[in-house]
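Biologist: I am new to this structure and should like to go through it step by step. May we place the model in view before the first question?

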Amino acid sequence: MRVLVTGAAGGVAGLLVPELAGEHELRLTDLRAPQPVGPAEVVPGDLADRGFAERLCAGVDAVVHLAGNPRPGEDWDRLHGPNVEVPTRVLAAAAEAGVRRVVLASSVHVLGGYHPPAARPAPGPIRDSWPPHPCCRYGATKVFGEAAARVYADSGALSVVCLRLGGCRPVPPTQGWFDTWLGPADLGQAVRRALRADVGFGAYTITSANTRAVFDLDAARRDLGYAPVLDSEAYRDSAPDGPSTLCRGGQG
């Protein structure tokens, strides 16, 4: 499969691209030239440029869209371009090019407003079947991205799998990451399965199989065949204390 990976110079891509490189032919793009892994094609440029986005999507089988502003505390003006305009431009370019599948990087922040147990509509872990409840401006932009993807999928233009990614790091930097941590092997597995899943549209929380998890992974297990193997608890003796990766009380 020939796969375009956007945001390929970012931290998530740094963990993901090596997981995909041995299995797929990769085209990598970012504002600055990303470091190639193996024989990948590197095409730096700005996805806000419609013509550039269309040229990038030409001739690929799938797009893994990671590009965006990942800062939960950022203001609306800094989030709007990378997290609202660019995803819609990529979806449009992919549909125009006849791309079969888009894997869109969303975030657990889409459901982060349920993080306090008192905010949940039912006892137990946070479920993908619940309505979006973002905990911050960043999460709200990810809700928009999922909604835009649904419009394209419902039109039949392409199929889209939105992955609500947890905190992607090689290891959890603090114990505040233990509930949402997503390690490289599980990230790679989730994206590989999303590229091939028989799904027209779906939005799925993806974390590792963490002992302290607050998100339910049943939908991803059922629809994608996702089977995480890592657990942040393995780092309980080495990770210092720290706050949760999810925002508290919202940020407007």
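Biologist: How far apart are the end C-alpha atoms of helix H5 (residues 184-196)?

Modeller: This is a predicted model, in which local features need pLDDT of at least 70 and side-chain atom pairs 80 or more, while totals for chains, interfaces and linings use all residues. Residues are numbered from 1 along each chain as written, and side-chain values use heavy atoms, without hydrogens or water. Helix H5 (a DSSP run of H or I, at least four residues; strands are E runs of at least two, all numbered from the N terminus) has 13 residues and should span 18 Å at 1.5 Å a residue (times one less than the residue count). That expectation agrees with the end-to-end distance in the model, which is 19 Å.

Biologist: Which residues of H5 are buried?

Modeller: Buried means under 20% relative accessible area with a 1.4 Å probe on protein chains only, exposed over 50%, and partly exposed in between. By that criterion, the buried residues of H5 are Pro-184, Asp-186, Leu-187, Gly-188, Gln-189, Ala-190, Val-191, Ala-194 and Leu-195.

Biologist: Which helix supplies the largest share of the lining of the largest pocket?

Modeller: The largest pocket (an open set of points on a 1 Å grid, with protein on both sides within 12 Å along at least five of seven lines; lining residues have an atom within 4 Å of a point) has a volume of about 1,100 Å³. Of its 39 lining residues, Val-12, Leu-66, Gly-68, Asn-69 and Pro-70 are the closest to its centre. Helix H1 (11-21), helix H3 (76-97), strand E5 (101-107), helix H4 (137-155) and strand E7 (167-168) each supply at least two lining residues. The largest share, five residues, comes from H3.

Biologist: Which elements give two or more residues to the lining of the second largest pocket?

Modeller: The second largest pocket has a volume of about 280 Å³. Among its 18 lining residues, Asp-128, Ser-129, Arg-164, Gly-202 and Ala-203 lie nearest its centre. The elements that contribute two or more residues are H4, strand E9 (201-206) and helix H6 (218-224).

Biologist: Which element gives the most to the lining of the second largest cavity?

Modeller: A cavity is a set of grid points where a 1.4 Å probe fits but cannot get out, and the second largest holds about 40 Å³ of space. Val-64, His-65, Leu-66, Val-103, Leu-104, Ala-105, Leu-163, Leu-165 and Val-191 line this cavity. Strand E4 (62-65), E5 and strand E6 (159-165) each supply at least two of the lining residues. With three residues, the most comes from E5.

Biologist: How far apart in sequence are the parts tied together by Tyr-114 and Trp-130?

Modeller: These residues form an edge-to-face aromatic pair, 5.0 Å centre to centre with 65° between the planes (ring centres of Phe, Tyr or Trp, its six-membered ring, within 6.5 Å; planes under 30 degrees apart are stacked, over 60 edge-to-face, the rest tilted). Both Tyr-114 and Trp-130 are buried. Each lies in the loop between E5 and H4, so the pair ties together parts whose separation in sequence is 16 residues.

Biologist: Is Tyr-235 buried or partly exposed?

Modeller: Trp-181 and Tyr-235 also form an edge-to-face pair, 5.6 Å centre to centre and with 75° between the planes. Trp-181 lies in strand E8 (residues 181-182) and Tyr-235 in the segment after H6, so the pair joins parts 54 residues apart in sequence. At 1% relative accessibility, Trp-181 counts as buried. Tyr-235, at 25% relative accessibility, counts as partly exposed.

How values were computed. Grid points are joined across faces, edges and corners, and a volume is the space filled by probe spheres set on the points.
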